Amino acid sequence: MARKRVKVAKYTKEKNAEAWRKYREEQAKRTYGMWDCFRYVFRDLRREHPLALVISAAIVVLALAGSVMETLGNKYLVELALDGGDRKRLVLLFFSLIAAAKLCGYAKNQCENYMGCMGHQEINLAWMRRLLAKNLTMDYENNEKAKINDLLNKAVQACYRGGSDVLYNFRQMTLTALTFLTFGGILSMLSPWLLLIVGVPAAACYYINRHKMMWIWNMADNWQNCERQLGYIQNNATNFRAMKDVQLYGMQSWFRQSYRRSFQERQDWNEQQDVWELRHRVLSHIVQSAGNLAAYAYVILLVVKGEIGAGDFVLYFNSIMRLSTSVRELFEHFSGLPWQGKQISYIREYLDYENNTNRGAGAPLPTGECEIEFRNVSYTYYQAEQPTLRNISFTLHKGERLALVGLNGAGKTTLIKLMCGLYDPTEGEILLNGRNVKEYNRTEYFRLFSCVFQDISVLPVTIAENVAGESSDRLDRGRVIDCLQKAGVYEDVMRLPEKENTRLRKSVCEQATDLSGGQTQKLALAKALYKDAPVLLLDEPTAALDPLAEQRMYQNYAEFSQARASVFISHRLASTRFCDRILLLENGSVAEEGSHDELMRLAGKYAELFELQSSYYNEKKGETEYA
């Protein structure tokens with residue numbers, strides 16, 4: 001069945017006015033103006049990549065010189081062919097100009113090759129390094145916000161071409177402007193009217209092109225949803241971690257159908273755009289050709305009248321072509337400036353986005369044991385209607401082992417992230433040894449915590465480097481082995497061919513290995529022990545462990561937490577009996593507090609949950625009774 005063709009949306013006056021209104025609104029929202037962004041780029045290039053500026057200037061000079069010498073060479077070649085003037089002089093001029101033009105062309109090509117292979121990549125990679133450095137020091141809380149992630153994605157896309165595109169665009173604008181002045185000067189010697197005959201149609205092509213681009217900009221929102229859908233499908237269809245669900249649940253057909261539907265919708269808009277662009281290209285070609293033909297006709301008329309010779313005819317003929325091309329390209333490059341300024345603005349906005357936490361000089365960190373106090377702390381996630389934590393107050397005393405329990409969504413992990421500085425309270429304050437944590441440099445504050453979270457990140461480096469968080473030439477190998485033993489993963493590691501030097505992540509390195517879920521969790525614990533920070537935070541550290549490994553972990557916990565404060569999150573309430581104190585969180589608040597025995601005597605929610613879990617292991621009439 002033939003697919004119904006998409007009709008091109010008419011670009012009415014109303015749509016034109018609406019497009020300009022949207023454009024002005026978007027420009028008003030931009031933090032940095034277009035020309036300010038370009039000054040920023042060139043200041044950066046002058047400071048970081050001066051060679052790129054020098055080579056770009058050389059390309060402009062070489063290209064202009066080559067085109068002028070080639071045009072003059074053609075003039076003298078025609079005069080030589082027609083046996084006019086001093087032949088020896090004409091031969092010498094022709095070969096000198098052509099040789100010089102070829103030399104300029106070769107040098108220009110080499111400069112362009114360097115800029116294409118090295119110069120542009122160096123510029124773009126330098127921008128990307130800045131984005132990565134900024135992202136690594138951005139507040140964790142900011143990285144969870146959709147608007148910040150959107151800005152980062154726009155900045156990353158801009159980095160692929162950002163600085164190099166600006167440099168290229170201005171280089172070509174400079175070249176076309178100088179070309180216009182040079183060949184315009186040549187034509188003005190014949191008749192100043194030729195400048196108008198060639199220049200006005202070429203300038204009109206700019207407005208035709210702008211009319212085309214305004215439609216594309218105005219319609220871009222219509223296909224953004226298709227782009228997002230295609231991006232999602234492509235990412236997940238090639239995601240190794242998603243393959244288990246895709247294959248086990250038979251989702252291949254869903255991916256194929258969804259991709260086909262989104263791709264077809266995107267193609268419909270491509271067809272509209274192609275038709276729209278074709279109309280404008282044809283109109284632009286007609287307008288520019290009319291101007292060129294008029295100029296050619298004028299020059300031919302002068303030849304017929306005998307007012308200029310054949311050599312001059314070739315000179316003026318080529319000058320008309322180069323002048324027309326230079327005007328058209330000048331306006332084309334100029335029309336791209338707003339878009340490029342917008343891309344640079346995205347990069348600058350992300351790089352200049354301020355952290356809420358202190359990243360400058362801070363109070364000196366305490367030495368020895370730490371005590372952390374929550375005073376009326378509440379926390380509401382970005383754009384959430386209800387707070388996750390409400391008016392939490394408690395103290396983690398020096399050397400205390402504190403357990404956090406509660407149902408899913410009670411706020412346990414959020415509380416841990418507040419404690420270690422990943423989040424800042426929406427209300428209330430957190431004190432470290434009596435001082436507000438905001439007074440400390442946040443990066444230095446992170447040093448106080450050894451953490452094991454539920455979502456564990458394993459880097460594609462060796463096991464030893466994963467544990468130490470340092471390169472192999474800087475880590476303490478004896479400490480690495482000791483921490484692997486304490487975490488219960490030493491024997492597993494020693495069975496590997498390269499032991500602790502085994503590289504992880506097969507998806508990155510062919511000779512690597514992948515650990516099981518339980519082994520990965522033990523490795524995360526070894527990493528936390530290696531850091532040896534004053535405060536130990538364990539968020540479900542036994543979730544992926546087998547019963548024997550879990551029991552050994554409980555037995556070793558006293559050693560792990562010796563001479564340091566620790567917080568232990570677990571859904572298995574039997575594991576909390578070795579903790580000094582237990583906080584039961586419910587609906588974002590502390591519902592119960594005390595030791596295991598105290599809470600059991602209280603006969604509240606904790607006791608109810610404990611009895612419910614223990615019922616799974618109660619034996620009745622010789623059989624296991626399941627609740």
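**A walk from pocket to sheet**

Start by selecting Leu422, Cys451, Phe453, Lys527 and Lys531: among the 39 residues that line the second largest pocket, these lie nearest its centre. Bear in mind as you look around that this is a predicted model.

The volume of this pocket comes to about 1500 Å³. Now colour the lining by class, and you should get 19 nonpolar, 11 polar and 9 charged residues. Which elements supply at least two residues each to this lining? Show helix H4 (87-137), helix H5 (140-143), helix H12 (412-419), strand S6, helix H14 (463-468) and helix H17. Of the contributors, H17 gives the most, with 7 residues.

Next stop, the cavity. Searching the whole structure for cavities of 30 Å³ or more turns up 1, and the largest cavity has a volume of about 60 Å³. To see its walls, select Asp139, Tyr140, Glu141, Thr357, Arg359, Gly421, Leu422, Tyr423, Asp424, Arg442 and Phe446. Leu422 is a name you have already met, as one of the residues nearest the centre of the second largest pocket. By class, the cavity lining splits into 5 charged, 4 nonpolar and 2 polar residues.

Switch to cartoon for the sheet. Here 6 strands form an open sheet with mixed pairing, and you can trace the order S6-S7-S8-S3-S9-S10 across it. Strands S6 (449-452) and S10 (589-594) are at the edges with a single partner strand each, so one side of each has no neighbour in the sheet. On average, neighbouring strands here are turned by 15° against each other, direction ignored.

Zoom in on the S10 end. Strand S9 (residues 581-586) pairs with S10 in the antiparallel sense, over 5 bridges. Pick out Glu586 and you'll find Ser589 of S10 standing opposite.

Then bring in the helices that pack on the sheet. Select H17 (residues 517-531): this helix touches S6 and strand S7 (535-539), and its direction makes about 180° with that of S6. That's the H17 that gave 7 residues to the pocket lining. For helix H20, select residues 605-614; H20 touches strand S3 (401-405), S9 and S10, and its direction makes about 95° with that of S9.

Last, colour by confidence. The chain has a mean pLDDT of 80, with 88% of its residues at 70 or more. Where does the pLDDT fall below 50? Select residues 620-627: that stretch is below 50, and beyond near neighbours in sequence it has 11 contacts in the model.

Conventions: Residues numbered from 1 in each chain as written. Predicted model: local features only at pLDDT ≥ 70, side-chain atom pairs only at ≥ 80, totals over all residues. Heavy atoms only, no water. Pairing = 2+ DSSP bridges. Helix = DSSP H or I, 4+ residues; strand = E, 2+ residues; numbered from the N terminus. Axes fitted to C-alpha atoms, helices over the stretch in contact; angles between N-to-C directions. Contact = heavy atoms within 4.5 Å. 1 Å grid on protein atoms, 1.4 Å probe; cavity = no way out; pocket = protein on both sides within 12 Å on 5 of 7 lines; lining within 4 Å. Points joined across faces, edges and corners; volume = space filled by probe spheres on them. Nonpolar A, V, L, I, M, F, W, Y, C, P; charged D, E, K, R; others polar. pLDDT = per-residue confidence, 0-100.
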